[in-house]
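I opened my notebook to write down what I looked up, beginning with strand pairing and ending with the cysteines.

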Amino acid sequence: MTNGFLRIASVAPELMVADVDYNVSNIIAEALRLDKEGVEIAVFPELCITGYTCGDLFHSQTLLSAAKNGIDRIMEAVRELGIHVIVGAPVKKGSAVYNCAVLIRGDRVDYIEKSYIPNYNEFYERRWFAPATSDVRDKVFESHGTKIGIEICEDLWVPIPPSSYLAMNGAKVIFNLSASDDLIGKHRYLTSLIRQQSARCLCAYAYASAGFGESTTDMVFLPKTIIAECGNIMTENNRSDFLSPVCVIADIDIEAIERDRFHTSTYADCAFKSECNDSDMDMADYEFDNNYVLNYRSVNSLPFVPSDEESIDERCTEITTIQECGLARRLKAVGSNRIVVGISGGLDSTLALLVAVGTLKRIGGDVKDITAVTMPGFGTTGRTYENALKLMELLGVTIREIPIAEAVNQHFSDISHNPDIHDVTYENSQARERTQILMDLSNQVGGIVLGTGDLSELALGWATYNGDHMSMYGINAGVPKTLVKYIVRWYALRAVDNRLRDTLIDIIDTPISPELTPADDDGNIAQKTEELVGPYELHDFFLYYMLRYGFTPRRVLMLACKAFENSYDKDTILYWLKTFYRRFFTQQFKRSCLPDGPKVGSVCLSPRGDWRMPSDASWHMWRKDLDNLN
């Protein structure tokens with residue numbers, strides 16, 4: 001295993017029923033090919049050495065002897081290779097025949113008997129096979145530096161699968177050898193079982209089911225090769241392509257699995273109560289190879305954003321419902337439906353206003369109770385100003401326009417600051433003036449200030465302390481910038497009014513900026529956030545893998561280079577990664593006193609819940625790791 005990744009394969013080769021020589025030759029050919037691909041463990045279907053549909057031939061000594069010889073042939077073929085293989089075969093032991101998984105590791109062969117033998121509907125395996133004679137729930141094996149477990153077909157479908165115990169005994173990857181026939185709706189149910197078992201056991205799950213070549217006398221077996229990891233289907237074959245050998249490969253993130261297990265405290269509790277023993281090596285001790293390439297793992301460059309429109313719609317619906325519920329509860333608690341929110345014409349304030357309007361409509365309130373305030377200043381451009389006004393008008397809220405230039409200039413005079421010096425004082429004075437206006441207006445109308453800052457800004461500390469950093473409810477606190485854009489787009493696509501749709505799309509297309517320094521000579525935005533702190537798509541990626549999995553900087557860099565291989569070179573990614581860690585550590589003091597706000601995803605920076613960190617914590621070790629990557 002390299003860099004905490006394990007390369008595995010699920011294979012369903014073509015076979016011929018009862019022709020062991022033919023089947024073994026195909027298995028060996030696939031094993032040799034996969035070894036060249038760097039695959040470390042490959043799983044083949046249930047009874048693949050003989051075929052699953054042999055019927056009463058399973059009690060033929062000729063077939064059983066051939067199966068035994070076939071196992072020996074496979075072992076001899078892969079003995080000197082790096083790959084370990086798991087195949088299925090009937091095995092006679094004593095006075096019974098068992099449906100077995102056979103794990104071949106170099107010179108060693110281990111047999112795992114099928115625990116649960118189906119004998120209902122189209123299945124009548126109990127006619128030929130006996131159930132496991134020993135408890136297979138603690139049979140965990142070492143392979144390539146990690147622990148694996150094996151179960152067979154029906155074992156997955158029972159109320160408490162053996163894999164549940166195997167996982168709690170330390171198995172990070174579960175392999176399932178199967179022969180599952182195809183019926184209407186069955187594949188969807190099977191996929192959900194695999195996904196849920198990998199999620200519940202915090203493991204990877206590799207499933208290989210018998211395919212073309214099995215008898216079609218009464219049943220049809222479409223090849224099914226599926227690999228899941230912690231609730232996500234990583235890869236699976238196209239069942240309609242059943243005429244050729246079927247194989248899927250994936251790079252499994254063992255380190256991520258390990259982290260999830262020790263982070264989820266109830267996992268260890270469950271193992272303890274089940275008298276299991278999940279003990280494994282320290283993942284931090286793995287040697288790191290800077291040249292390692294993730295050929296068989298896709299890394300989403302936008303980990304917070306689903307990859308398809310249907311999932312995006314579902315995600316946006318869920319997030320905005322959570323936000324509206326949180327805001328509705330807060331309004332009920334304070335006894336007022338009045339909301340004050342600053343509108344800049346940018347993404348974050350747009351989302352906050354859309355959620356506020358949705359909340360008031362949901363609870364039967366009047367959107368006029370929302371006071372939306374535009375506060376043009378030294379850097380406000382015509383584009384953002386006009387979009388702010390159009391947005392407020394089209395949503396029907398109460399509009400206030402309060403320019404801040406005169407008040408800020410008075411403040412500069414009071415503190416003896418030269419307004420020609422566009423430094424941090426120049427910028428933050430404007431942000432604090434705007435916050436003061438919003439706070440005082442909320443007192444005036446008897447309502448609350450709705451904060452607009454998002455999760456990405458909190459991570460980077462890209463907020464003025466006691467300026468836009470502060471509010472009475474931070475509605476976007478759990479939403480990263482990359483996802484904010486997709487939610488606003490989702491609102492735009494659902495908008496009935498074409499004018500609102502066009503306004504929202506133009507807001508999405510506007511460069512991200514706090515607009516605290518004057519516009520350029522053409523009146524366009526001069527201060528662009530992503531030129532100053534870096535691309536948000538990179539920072540959100542860094543944030544996800546640092547917080548969600550606790551990965552080291554070098555591992556985050558490796559994943560980022562894979563995810564953005566067509567967008568940024570390694571030096572650029574490393575430059576902004578250093579910026580991210582520096583800002584994340586040094587800006588914790590802003591997160592330590594955040595206003596309340598709803599958590600919407602697995603990554604959250606609330607100091608009261610998900611992220612508790614001293615404001616003066618040192619980032620020396622992380623910086624050292626980054627410096628060594630140069």
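I looked first at strand β8 (residues 173-178), which runs parallel to β9 and is joined to it by 6 bridges; two strands count as paired if DSSP finds at least two bridges between them, and strands (E, at least two residues) and helices (H or I, at least four) are DSSP runs numbered from the N terminus. This is a predicted model, in which local features need pLDDT of at least 70 and side-chain atom pairs count only at pLDDT 80 or more, while totals for chains, interfaces and linings use all residues. Residues are numbered from 1 along each chain as its sequence is written, and side-chain values use heavy atoms, with hydrogens and water left out.

I then picked out one bridge and found that Ile174 has Tyr205 in β9 as its partner. Between the two strands, the chain passes from β8 through helix α4 (residues 186-200) to β9 in a right-handed β-α-β crossover, meaning that, with the strands pointing away from the viewer, the path from the first strand over the helix to the second runs clockwise.

On β10 (residues 224-229), I noted that this strand pairs with β9 in the antiparallel sense over 6 bridges, and that Ala204 has Glu229 as its bridge partner there.

I asked how many residues of β9 (residues 204-209) are buried, that is, under 20% relative accessible area with a 1.4 Å probe and protein chains only (exposed is over 50%, partly exposed in between). The count is 6 of the 6, so β9 is largely enclosed by the rest of the structure.

Last, I looked for disulfides (pairs of cysteine sulfur atoms within 2.5 Å) and found 0. Cys247 is in none, the nearest cysteine sulfur, that of Cys48, being 13 Å away.
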